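Got your viewer open and a selection box ready? Here's a walk through the model, one stop at a time.

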Amino acid sequence: MNSHLSVIFYKAVEMGMHRTLCLTQLPRIQSILYPIQHRHICLSQSHQGAAAPKSTALDGNIFGRTLKKIKFYTVGKVKLKVLGYYLYECVADKVPYTWFFKEMSLPDTFNSWFLVTELHIWMLMVKAMELGDDGRFIRNFIVEAMWADVAMKSKKLGAENYSLARAQTKILGDQFQAALITYDEGLLCNDKVLASALWRRFFEKNCNDPRNLETMVKYVRMQIKYLDNMTEEDFRKRNIKWQSIEKT
């Protein structure tokens, strides 16, 4: 596990994000995600009913508290969590962000980074859901890793007003949920519907060059086809190579 992934992974553990992600239950993230959507990130230069458990001798020590935090984990689930985080790295490390900023005329900001990341995370989620119950866990852990990275990047960009930070996080979370539905609809329908979804979300209704929109529709269709043809073994091995495309 490389250093960037390790930071994200242990940040998530520290924040108690081992449970299935629910965007309405992110108070810890909300407390550190600052109103930084439009700050420059310079990615081009970086990269109930149950009985209460009885008290035990473990309750008072660190080991006991750690066991409580991961008490429902199995070896298999831990492996899926690690896989989910590695798959997130396939987005964070392999997606050519600078290409999107330059060719699709996106500003080099935190918000643009999130929009590009969100789109690729959605495509991985679509593939993961082909894997049954394992896929559901993998999907959740991919998203968990994304939010941990969001928290880490936002913290590096600095803090301002906490109440405003909570509002910004809620907006970001709501937009993410809506984007998943919008992209799903576009995937299942024709290119016009997909183009509408990309125009409203990815370009935020600000795309003056129709060629950019056409290019993104082709890009999404191409990546989805690539992932759809990928075997489960290759997906679990994280042999993901995002397909390049020339601007229309």
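Contact, for this tour, means heavy atoms within 4.5 Å. Keep in mind as you click around that this is a predicted model.

**Stop 1: two helices packing.** Select helix α6 (residues 110-128) and helix α9 (residues 191-202). Their axes run 11 Å apart, at an angle of about 145 degrees. Now show side chains at the contact: α6 brings Phe114, Leu115, Val116, Glu118 and Leu119, while α9 brings Leu198, Arg201 and Phe202. Colour that contact of α6 with α9 by class and you get six nonpolar residues, two charged and no polar ones.

**Stop 2: just past α9.** Select phenylalanine 203, which sits in the loop between α9 and α10. Is phenylalanine 203 buried or exposed? With a relative accessible area of 4%, phenylalanine 203 is buried. Leaving out residues up to four places away in sequence, phenylalanine 203 touches Met104, Leu106, Leu198, Asn212, Leu213 and Met216. Add leucine 115 and measure C-alpha to C-alpha: phenylalanine 203 and leucine 115 are 8.5 Å apart in space, with their positions 88 residues apart in sequence.

Keep phenylalanine 203 on screen and add Trp99, Phe100, Phe202 and Tyr219; together with Phe203 they form one aromatic cluster.

**Stop 3: an unusual backbone angle.** Most residues other than glycine have a negative phi. Now click glutamate 204, also in the loop between α9 and α10 (210-229). Glutamate 204 isn't a glycine, yet its phi is positive, about 50 degrees. Switch on a surface and glutamate 204 comes out partly exposed, at 36% relative accessible area.

Jump to arginine 238, in the segment after α11 (232-236). Arginine 238 has a positive phi too, about 65 degrees, and it isn't a glycine either. At 29% relative accessibility, arginine 238 is partly exposed. While you're there, bring up tyrosine 86: arginine 238 lies over the face of that ring, 4.3 Å from the ring centre.

**Stop 4: another charge over a ring.** Select arginine 136 and phenylalanine 137. The charged end of arginine 136 sits over the ring of phenylalanine 137, at 4.7 Å from its centre.

**Stop 5: ring pairs.** The model has eight aromatic pairs in total. Go back to α6 and pick phenylalanine 110 and tryptophan 113, a tilted pair with 5.4 Å centre to centre and 40 degrees between the planes. Phenylalanine 110 and tryptophan 113 are about one helical turn apart, because they are three residues apart in helix α6. Both phenylalanine 110 and tryptophan 113 are buried.

For a pair with another geometry, select tryptophan 147 and phenylalanine 176. Their ring centres are 5.9 Å apart and the planes meet at 80 degrees, so this pair is edge-to-face. Tryptophan 147 belongs to helix α7 (residues 132-157) and phenylalanine 176 to helix α8 (residues 162-188), so the pair ties together parts 29 residues apart in sequence. Tryptophan 147 and phenylalanine 176 are both buried.

**Last stop: cysteines.** How many disulfides does the structure hold? Zero. Select cysteine 90 and you'll find it buried, at 4% relative accessible area. Then try cysteine 207: at 17% relative accessibility, cysteine 207 also counts as buried, because the cut-off for buried is under 20%.

Note on methods:
Residues numbered from 1 in each chain as written. Predicted model: local features only at pLDDT ≥ 70, side-chain atom pairs only at ≥ 80, totals over all residues. Heavy atoms only, no water. Disulfide = S-S within 2.5 Å. Buried < 20%, exposed > 50% of the residue type's maximum accessible area, 1.4 Å probe, protein only. Phe/Tyr/Trp six-rings, centres within 6.5 Å; stacked < 30°, edge-to-face > 60°. Helix = DSSP H or I, 4+ residues; strand = E, 2+ residues; numbered from the N terminus. Lys NZ or Arg CZ within 6 Å of the ring centre and 35° of its normal. Axes fitted to C-alpha atoms, helices over the stretch in contact; angles between N-to-C directions. Nonpolar A, V, L, I, M, F, W, Y, C, P; charged D, E, K, R; others polar.
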